[in-house]
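Hi,

Here is the structure I promised to pass on. Have a look at it first, and my notes are underneath.

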Protein chains: 2
Amino acid sequence: MNVLIVHAHPETGSFNAAMTRQAEATLAGAGHEVVVSDLYAMGFNPVSNRHNFMTVADSRTLRLQTEEAHASTHDGFVPELQAEMDKLARCDLLIFQFPIWWLGLPAILKGWVDRVFAVGRAYGGGRYFDRGVFQGKRAMCAVTVGGFRAAYSERGVYAEVEDILYPVHRGIFGFTGFTVIEPFVVYAPGRIETDERRRYLDRYHERLLDLDRARIIQPLATALYENGVLTAARD
Amino acid sequence: MNVLIVHAHPETGSFNAAMTRQAEATLAGAGHEVVVSDLYAMGFNPVSNRHNFMTVADSRTLRLQTEEAHASTHDGFVPELQAEMDKLARCDLLIFQFPIWWLGLPAILKGWVDRVFAVGRAYGGGRYFDRGVFQGKRAMCAVTVGGFRAAYSERGVYAEVEDILYPVHRGIFGFTGFTVIEPFVVYAPGRIETDERRRYLDRYHERLLDLDRARIIQPLATALYENGVLTAARD
């Protein structure tokens with residue numbers, strides 16, 4: 001299996017970094033190829049703009065999707081994006097490793113998606129959801145959150161982490177055809193003891209060795225929809 | 001009223017740019033002060049890192065919240081961030097103007113939040129939700145989405161736009177004490193006729209003149225919670 005870990009944390013001493021090292025060790029130890037895009041270490045620029053492209057479809061008005069479609073048929077993405085697109089195309093398993101900041105992705109990772117998941121490379125031409133470009137690949141979030149589990153629940157100040165990740169699961173992974181594996185969530189790594197952190201890493205090791213048994217988040221069946229709206233009866 | 005519009009679109013000919021121009025004209029015409037942070041035009045760097053700070057609390061391990069707390073008591077934020085923090089502190093109304101990309105904020109805007117909403121400036125010391133730093137201020141999203149309204153509904157491939165914006169409403173605006181006004185949503189501006197786009201701008205003009213009657217998204221009452229968990233009975 002080819003694994004791509006997209007890692008989004010600025011500190012090598014962080015628990016996120018420990019999780020990525022654990023994933024590299026576990027997956028390489030099981031015989032898989034592991035590639036890590038360490039976005040902070042790469043100095044990745046997350047701002048999507050004309051600088052994404054070496055080609056120009058319309059020099060007057062910038063429409064990113066138009067430029068993406070044009071670049072994808074004219075080999076026009078700048079090398080730093082094409083390299084990430086190639087990693088994405090090659091991987092069988094995609095892992096997003098990040099701390100949840102403001103209930104979402106750190107900007108450096110959001111911008112990796114904004115720029116790398118381009119028309120013609122990640123979607124377009126009717127290829128989405130269960131007809132998506134990345135059908136047959138799997139994707140998973142491995143995240144840390146600052147608070148304890150109870151705060152992220154029906155009775156908590158925030159929704160369940162899995163619901164907070166809806167934009168990633170449905171909008172990014174699901175839309176582009178990935179089979180979405182339930183997230184691996186670490187609560188309050190900065191507020192627990194060393195042995196509890198160690199147990200989290202052990203459980204992450206086990207999860208990664210046993211991905212086939214992890215819960216799958218229900219994919220969307222496009223056959224039931226027309227123009228984005230459910231047409232078949234629900235029951 | 002002092003209004004801060006944080007504008008996140010790279011193209012001056014876009015409908016997002018037309019909305020920001022409409023808001024400037026409408027609000028200035030009504031006698032308000034309007035400041036626009038045009039993030040693309042400013043070349044805003046959305047990556048949160050040690051470069052946020054002129055001060056250093058811990059030179060070995062980077063913990064962003066620790067550095068933020070330190071910088072906030074030592075006047076240690078770099079000028080480009082301090083300027084945005086000052087705009088935020090001065091405003092009575094905050095508007096995020098952006099296209100929804102991948103069911104979320106464009107990276108340049110997410111990073112504005114990651115960097116500007118710092119400990120000691122936007123939260124900290126028990127100040128959150130209805131005890132938040134920005135109590136008394138109002139905030140609203142003004143957004144475009146690529147698809148038509150029916151796709152964002154109970155029967156659509158995506159949740160309602162208001163639900164998609166949950167991380168912004170609850171996690172960013174609500175958490176820091178803003179009163180959250182229902183979003184103004186433009187569906188498929190690239191796929192409708194000129195007069196329909198004109199009507200959207202007219203309706204946005206009316207919304208901005210009549211904010212007091214706009215629906216408020218239910219705030220969280222911290223008195224009902226302890227350590228982030230609901231303690232009072234629900235009914």
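Below is what I found on the chain contact and the cavity.

A word on the ground rules: this is a predicted model, where local features need pLDDT of at least 70 and side-chain atom pairs count only at pLDDT 80 or more, while totals for chains, interfaces and linings use all residues. Residues are numbered from 1 along each chain as its sequence is written, chains are lettered from A and ligands numbered from 1 in the order written, and side-chain values use heavy atoms, with hydrogens and water left out.

First, the contact (heavy atoms within 4.5 Å). Chain A and chain B put in 51 residues each. About 4100 Å² is buried between them, 63% of it from carbon and sulfur atoms; buried area here is the accessible area (1.4 Å probe) lost on putting the two parts together, summed over both. On the chain B side, Trp102(B), Arg155(B) and Val157(B) lose the most area to chain A, together 22% of what that side buries.

What about salt bridges between chain B and chain A? The count is zero, taking a Lys or Arg side-chain nitrogen within 4 Å of an Asp or Glu carboxyl oxygen. There are, though, 18 residue pairs in polar contact (both at pLDDT 80 or more). That term means N or O atoms within 3.5 Å, one able to donate a hydrogen and the other to accept it, and residues adjacent in sequence count only if both atoms are side-chain atoms.

Helix 5 of chain B gives the most to the chain B side, with six residues; helices are DSSP runs (H or I, at least four residues), numbered from the N terminus.

Second, the cavity: a search of the whole structure finds one of 30 Å³ or more, with a volume of about 280 Å³. A cavity is a set of points on a 1 Å grid over the protein atoms alone where a 1.4 Å probe fits but cannot get out, and lining residues have an atom within 4 Å of a point. The volume is the space filled by probe spheres set on the points, which are joined across faces, edges and corners.

Cheers

Definitions and conventions:
Helices (H or I, at least four residues) and strands (E, at least two) are DSSP runs, numbered from the N terminus. On a 1 Å grid over the protein atoms alone, a cavity is a set of points where a 1.4 Å probe fits but cannot get out, and a pocket is an open set with protein on both sides within 12 Å along at least five of seven lines; lining residues have an atom within 4 Å of a point.
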